[in-house]
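Work through the exercises below with the sequence and the model open. Each task is followed by a solution in steps.

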Amino acid sequence: MMKLTTVAAMAAVIAVTGCQSSGGKNKAAFAAAESVSVANPYLWRASLDTMAALPVTSADPVGGLIIYDWKSFETAPDERIKATVYILDSRLRADGVKVSLYRQVNSEGAWTDAAVDPETAQQLENKILERARLLKASEIG
């Protein structure tokens with residue numbers, strides 16, 4: 001996984017270097033190279049660890065996006081949740097991760113959208129950040 005992010009970062013650097021040497025003629029390529037970011041590896045791993053109870057539908061380590069599928073738990077079989085994690089920065093920062101949660105309840109055999117307490121997403125973001133800091137500290141120490 002780390003190799004993929006390194007390759008993407010190097011490709012972005014090469015693209016930017018090539019754009020600069022072309023005299024600014026290829027602005028679209030330059031803009032595309034600038035938009036390539038690499039998600040912070042600690043936030044990435046911490047997101048996967050923290051949200052391990054949910055099945056992953058799609059994961060993009062370069063774009064920093066993890067989409068989880070719906071899951072019901074035995075304690076609340078008529079309720080299910082889904083999440084999306086956005087890693088917004090290549091640095092380990094408090095505002096570098098955002099969690100969006102979705103909830104549905106089963107009413108007469110049909111799943112309908114239900115409200116999610118915004119505090120829950122904030123708590124998950126804090127757990128991810130805490131885990132990321134621990135991962136970084138264990139690597140350093």
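The model is predicted: local features need pLDDT of at least 70, side-chain atom pairs count only at pLDDT 80 or more, and totals for chains, interfaces and linings use all residues. Residues are numbered from 1 along each chain as its sequence is written, and side-chain values use heavy atoms, with hydrogens and water left out.

**Exercise 1. Strand pairing**

Find how S2, S3 and S5 each pair with S4, and give a bridge partner for each pairing.

Solution.
- Step 1: Apply the criteria. Strands are DSSP runs (E, at least two residues), helices are DSSP runs (H or I, at least four), and both are numbered from the N terminus. Two strands pair if DSSP finds at least two bridges between them.
- Step 2: Take S2. This strand runs antiparallel to S4, with three bridges; Ile66 has Val85 of S4 as its bridge partner.
- Step 3: Take S3 (residues 71–73). Three bridges join S3 to S4, again antiparallel, and Lys71 is partnered by Ile81 in S4. Two residues lie between S3 and S4 in this hairpin.
- Step 4: Take S5. Nine bridges connect S4 and S5 in the antiparallel sense, and Ile87 has Val97 of S5 as its partner.

**Exercise 2. Helix H3**

List the buried residues of H3, identify what covers them, and examine the start of the helix.

Solution.
- Step 1: Use the accessibility classes: buried is under 20% relative accessible area, exposed over 50%, and partly exposed in between (1.4 Å probe, protein chains only). In H3 (residues 41–50), Tyr42, Leu43, Trp44, Ala46, Ser47 and Leu48 are buried.
- Step 2: Look for contacts (heavy atoms within 4.5 Å). The cover includes strands S1 (56–60), S2 (65–68), S4 (76–87) and S5 (97–107), together with helix H4 (118–140).
- Step 3: Inspect the helix start. A side-chain oxygen of Asn40 comes to within 2.8 Å of the backbone nitrogen of Tyr42.

**Exercise 3. Salt bridges**

Count the salt bridges, then describe those of Asp49, Glu79 and Arg93.

Solution.
- Step 1: Require a side-chain nitrogen of Lys or Arg within 4 Å of a carboxyl oxygen of Asp or Glu. The count is six.
- Step 2: Asp49 meets Arg131 at 2.9 Å, N to O. This pair links distant parts of the chain, H3 and H4, 82 residues apart. Asp49 is partly exposed at 25%, as is Arg131 at 32%.
- Step 3: Glu79 and Arg103 have their closest N and O atoms 3.0 Å apart. The pair joins S4 to S5 across 24 residues.
- Step 4: Arg93 bridges to Asp89 at 3.4 Å. Asp89 is buried at 15%, whereas Arg93 is partly exposed at 33%. Asp89, Arg91, Arg93 and Asp95 form a network of salt bridges.

Conventions. A polar contact is a pair of N or O atoms within 3.5 Å; within protein, one must be able to donate a hydrogen and the other to accept it, and residues adjacent in sequence count only if both atoms are side-chain atoms.
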